[in-house]
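Work through the exercises below with the model open beside you. Try each task before you read its solution.

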Amino acid sequence: MAIIEEKIKKDSETEEKLNKKIGVFICSCGKNIGGVVDIEEVAETVRKVPGVAYAETNKYTCSEQGQRSILQAVKENKLDSIVVASCSPRLHGETFANCAEDCGLNRYQVEMANIREHCSWVHQTTPDEATLKASEIAEMAVRKVKLDVSLETVKVPMEKSTLVIGGGVGGIQASLDLADAGYKVYLVEQKPTIGGIMAIIDKTFPTIDCSICILGPKMNDVKNNKNIELLSYAEVESVSGFVGSYEVTVKHKARYVNTDCTACGECEPVCPVQVPSEVDQSLGYRKAIYLPFPQAVPPIYTIDTNACLNKGEQPIVCGKCADACDKKAIMFQDKVTYSSFKVGTIIVATGFKPFDASRVTEYGWGRIKNVITTLEFERIINAAGPTEGEFLRPADLAHPKKIAFIQCVGSRNVHYNTYCSNICCMETIKDTLLIKDHYPDVDITVFYIDIRAFGKGFEDLYTRSRLAGTKFVNARPSALFENPINKNVIVEAELNGLPYNPEFDLVILSIGVDGPHTAIKGLPLSVDTDGFLVEAHPKLKPVDTANDGVFIVGGAESPKDIKETVTQASAAAARAMRLMSKGEFEVEPLYSHIDPITCTACGICVTRCPYNAITIEDKKTKTPAAVNSALCKGCGTCAADCPEDSITMNHFTDKMIFNQMDVILRDKPEDKIVTFACNWCSYAGSDTAGVGRMQYAPNARVIRTMCSGRVDPEFIYEAFRKGAGAVLLTGCRPADCHYDTGNHFAGKRENKIRRWMTKNNIDQSRFEIEWISATEGKKFQNLMNKMAKVLQEQKENILASKVLTIEK
Amino acid sequence: MSLPITDPIIDEINLRTQKCFQCNTCVSGCPVFKVYPEFKPANIARSLFQNKSIPVYHGRPAFWLCSSCLTCEAKCPQDVDITRIFYKLRNWAVDNKFYVPEGIIKEAESMRTGTTTKISQSIIDRRFQMGLPDLPKPDLLEIDKILEKTEFSKRLEGLITLEDLE
């Protein structure tokens with residue numbers, strides 16, 4: 001933290017050179033600009049602006065020749081900053097920033113004046129107005145670059161280690177990928193063994209592999225990998241710090257068996273206590289001292305102190321297991337311990353929770369003995385399960401001859417989970433093939449709403465199931481009843497338009513999944529209303545979270561099968577490696593500063609930040625809010641809402657914005673539309689209008705900010721005080737904000753702004769908020785033309801408010 | 001047979017029927033379906049949504065056949081509220097003279113007697129035999145006043161009965 005704070009001080013003290021020599025390079029861009037705008041006139045006008053030491057016109061400024069011309073001009077005139085009046089900064093911003101660096105200047109000493117997409121391309125029929133507008137846009141850029149300060153990227157130190165939370169197949173895969181690439185991995189798993197749900201089911205789809213057979217070797221790889229520290233029977237207690245230097249505290253539960261244990265299993269038969277086995281879904285038993293399943297990693301027994309007669313304390317009531325243990329690995333004294341370590345990145349792979357079928361009371365799970373879930377079926381059919389793989393039914397241990405599956409239990413349902421749980425259709429289809437393979441005489445019916453066989457090889461498996469004789473009935477049963485005499489289960493359904501109430505020996509509920517509602521103290525995680533973790537972008541960043549350095553994998557993010565989980569695990573590992581590989585990572589210096597003297601610790605900024613970048617250490621003593629520049633993304637929402645104006649945004653300061661407005665509203669402000677546009681969406685939308693040559697009235701002048709959240713109502717008030725004809729606030733569409741919530745907070749200011757306007761007799765039509773995406777050039781064009789009309793209609797109101805004193 | 005519904009009420013109803021994804025849970029549990037298999041709530045919902053029409057079974061527009069057990073509504077995974085839709089359509093049918101089963105009309109009219117069902121003579125005799133007191137006589141004047149105020153007679157006027165169908 002200290003290192004980052006030093007950097008901030010240094011940056012703000014760096015040159016705000018007062019006698020800056022600015023060079024302006026106006027581009028003709030062939031005929032694109034020069035064909036409409038009189039660039040020589042613009043150059044003449046701009047030379048008169050104080051601070052401009054040099055101005056020239058070029059045919060193609062971005063070309064090799066053009067850039068050499070800039071280099072020469074910078075050298076000969078000893079220029080401090082440059083303005084390139086040409087195309088959109090979204091197109092060549094990088095080009096000219098690199099060019100500046102080639103000239104020996106800092107890349108933040110460059111500004112682009114958009115006189116093509118925003119001017120020459122859209123005002124082709126009004127060249128005079130276009131030229132005037134281009135001059136103003138160029139001057140705006142000059143006023144901004146005058147205040148630009150040299151900035152350096154922030155280098156955040158990066159530990160080359162990762163915390164992986166959850167030891168299911170997702171956590172295992174991510175750990176192995178990272179460890180094999182040379183990174184240290186701490187794998188924390190709350191159960192006594194890793195493996196998760198994949199370790200306890202019998203077969204996988206569509207391959208019908210033995211699940212633990214393909215997972216076991218991976219589990220052993222984890223055990224043997226020198227780079228993986230496996231912390232099993234442990235939980236993450238808390239996390240502090242931020243990306244690159246997370247401080248993790250882990251709670252190790254008391255196992256009462258030490259690492260001398262060889263899993264020989266001599267202790268188990270002599271233990272006198274039997275309790276229901278969690279792995280066997282309570283269909284079978286385990287002892288108080290137990291190994292969850294034979295392939296457990298680590299292969300160390302655990303004593304369940306809730307079951308054990310000793311209850312983990314003196315006096316020792318029973319010592320049978322210790323007596324049987326050759327290695328003397330059993331400890332009668334053990335306690336919970338804690339450990340801490342530092343990591344650079346965190347991967348959350350906590351999996352999903354199987355749906356609790358007892359909630360669907362009409363299906364009688366828990367009440368009717370011969371109604372089981374697919375998870376229970378997996379254990380029954382598993383050779384390591386309570387029936388040693390024999391297909392028996394619970395009530396009387398008879399072999400079922402006629403069975404049914406019911407799909408969508410707990411899913412696609414407003415009473416339980418509204419989403420589809422992804423895996424249940426294929427789970428059932430796989431089960432039908434398993435059964436038909438071992439017991440060809442078993443009659444199987446599947447009651448479904450839709451069969452979802454979307455993945456590779458899935459439809460084939462569905463076809464195989466039908467060819468094997470499985471009956472698929474497109475009706476969801478209303479209820480299940482127990483036949484009290486033979487304990488069979490009667491299904492109430494419909495088939496071919498007639499009541500269909502067949503009796504089955506066994507009914508298997510194909511259950512869905514619940515979200516895990518993962519919450520760990522200090523770990524910033526977004527969880528949706530279903531309990532699943534939220535990704536940074538559903539299409540383009542499926543394993544990232546909004547918080548740098550934290551990644552999500554597998555069932556914790558949404559219901560999915562093994563293949564998708566493994567894919568996400570490797571993806572998350574790669575994303576983590578991307579951050580960690582250089583030992584440090586660079587952050588763009590567009591972050592904010594909070595003035596500790598004027599800050600009153602009101603806490604509003606903290607609530608505006610979606611990145612947890614702002615903290616108030618002690619609310620009681622009102623320590624001033626502080627920004628972590630490694631996390632701040634520079635949206636500016638905090639600065640706009642700060643009641644004390646204590647927050648400054650690097651490269652987009654309040655003064656820069658006011659100065660640009662000065663230029664706009666100096667001459668004939670009543671004809672001007674001050675337009676605030678955000679870098680990611682609405683500014684791009686305006687560019688799109690330009691590319692599409694959509695013509696509109698030349699009244700608007702665009703002030704670019706990174707986010708619409710940056711727009712302080714004060715900017716808008718000042719624009720009206722200076723006599724602006726109209727003001728526009730534009731940004732990304734709702735829910736699409738590049739900074740998550742910036743446009744949301746921008747929109748919330750509307751009422752306040754409109755009340756101010758009413759108080760000052762400014763017609764409401766002179767202010768509009770419009771959310772415009774990058775592709776909506778047409779929307780921008782329509783808005784421009786609409787506002788031009790408003791300027792005509794409101795001429796009286798505009799001139800009147802120019803004369804009257806407007807309240808501050 | 002199917003009857004079209006052109007009144008704007010169909011659009012309001014279809015805001016709910018459009019949610020139906022034909023899982024047939026409502027059909028599976030419907031007691032009317034067990035006796036009259038043509039009657040399937042999911043089919044009726046589909047007919048209302050896709051054809052803006054109501055099927056006719058046994059000479060009745062389907063919404064008159066529901067027994068109000070609410071099993072379908074309780075179990076519907078998409079909250080289509082099909083029973084409420086039937087109620088809505090029944091009230092609409094009465095107000096808009098859309099085909100009301102004669103039995104319903106008779107039952108409605110029997111309210112004038114002060115009882116919801118007709119008390120048969122054999123019941124009265126049995127009560128006398130068992131030494132039970134006479135049944136209380138309803139206050140017909142008060143009932144008349146209520147029926148006036150609610151414009152009950154107006155609503156029953158000019159109803160089209162089943163016999164006009166088919």
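**Exercise 1. Compare the span of helix α6(A) with the expected span, then decide how covered the helix is.**

Step 1. In this predicted model, α6(A) has 21 residues.
Step 2. At 1.5 Å a residue, the expected span is 30 Å.
Step 3. From first C-alpha to last, the helix reaches 31 Å, close to that value.
Step 4. Now look at cover. Buried means under 20% relative accessible area. In α6(A), 15 of the 21 residues are buried, so the helix is mostly covered.

**Exercise 2. Contrast A:Asp128 and A:Glu136: which is buried and which is exposed?**

Step 1. Place them. A:Asp128 lies in helix α6 of chain A, and A:Glu136 is in helix α6 of chain A too.
Step 2. A:Asp128 has 64% relative accessibility. Exposed means over 50%, so A:Asp128 counts as exposed.
Step 3. A:Glu136 has a relative accessible area of 5%, so A:Glu136 is buried.
Step 4. Find the surroundings of A:Asp128. A negative surface patch is formed by A:Asp128 with A:Asp38, A:Glu40, A:Glu41 and A:Glu129. Helices α2 (39-47) and α6 (127-147) of chain A each supply at least two residues of this patch.

**Exercise 3. Find the salt-bridge partner of A:Glu136 and say where that partner sits.**

Step 1. The side chain of A:Glu136 meets that of A:Lys672 in a salt bridge, 3.0 Å from N to O.
Step 2. A:Lys672 is in the loop between α17 (654-666) and β34 (673-678) of chain A. The two residues are 536 apart in sequence, so the pair links distant parts of the chain.
Step 3. Check the cover of the partner. A:Lys672 is at 4% relative accessibility and counts as buried.

**Exercise 4. Explain why A:Arg754 and A:Glu750 are separated by about one helical turn.**

Step 1. Both residues belong to helix α21 (residues 750-759) of chain A, where they are four residues apart; therefore about one turn separates them.
Step 2. Recall the rule: an α-helix has 3.6 residues a turn, so residues three or four places apart point the same way.
Step 3. The side chains of A:Arg754 and A:Glu750 meet in a salt bridge of 3.0 Å, N to O.
Step 4. A:Glu750, at 26% relative accessibility, counts as partly exposed.

**Exercise 5. Where is B:Leu135 found, and which patch does B:Leu135 help form?**

Step 1. B:Leu135 is in the loop between α8 (121-129) and α9 (140-149) of chain B.
Step 2. With a relative accessible area of 35%, B:Leu135 is partly exposed.
Step 3. B:Leu135 joins B:Ile119, B:Ile123 and B:Ile124 in a nonpolar surface patch, with about 310 Å² of accessible area together.

Technical notes:
Residues are numbered from 1 along each chain as its sequence is written. Chains are lettered from A and ligands numbered from 1 in the order in which they are written. This is a predicted model: local features need pLDDT of at least 70, side-chain atom pairs count only at pLDDT 80 or more; totals for chains, interfaces and linings use all residues. Side-chain values use heavy atoms; hydrogens and water are left out. Patches are made of residues with over 30% relative accessible area and no salt bridge: like charges are joined within 9 Å, nonpolar side chains (Val, Leu, Ile, Met, Phe, Trp, Tyr) within 5 Å. Accessible areas come from the Shrake-Rupley method with a 1.4 Å probe; for residues, only the protein chains shown count as cover. A salt bridge is a side-chain nitrogen of Lys or Arg within 4 Å of a carboxyl oxygen of Asp or Glu. Lys and Arg count as positive and Asp and Glu as negative; His and the chain ends are not counted. The place of a charge is taken as NZ of Lys, CZ of Arg, CG of Asp or CD of Glu. Buried means under 20% relative accessible area, exposed over 50%, partly exposed in between (1.4 Å probe, protein chains only). The expected span of a helix is 1.5 Å times one less than its number of residues.
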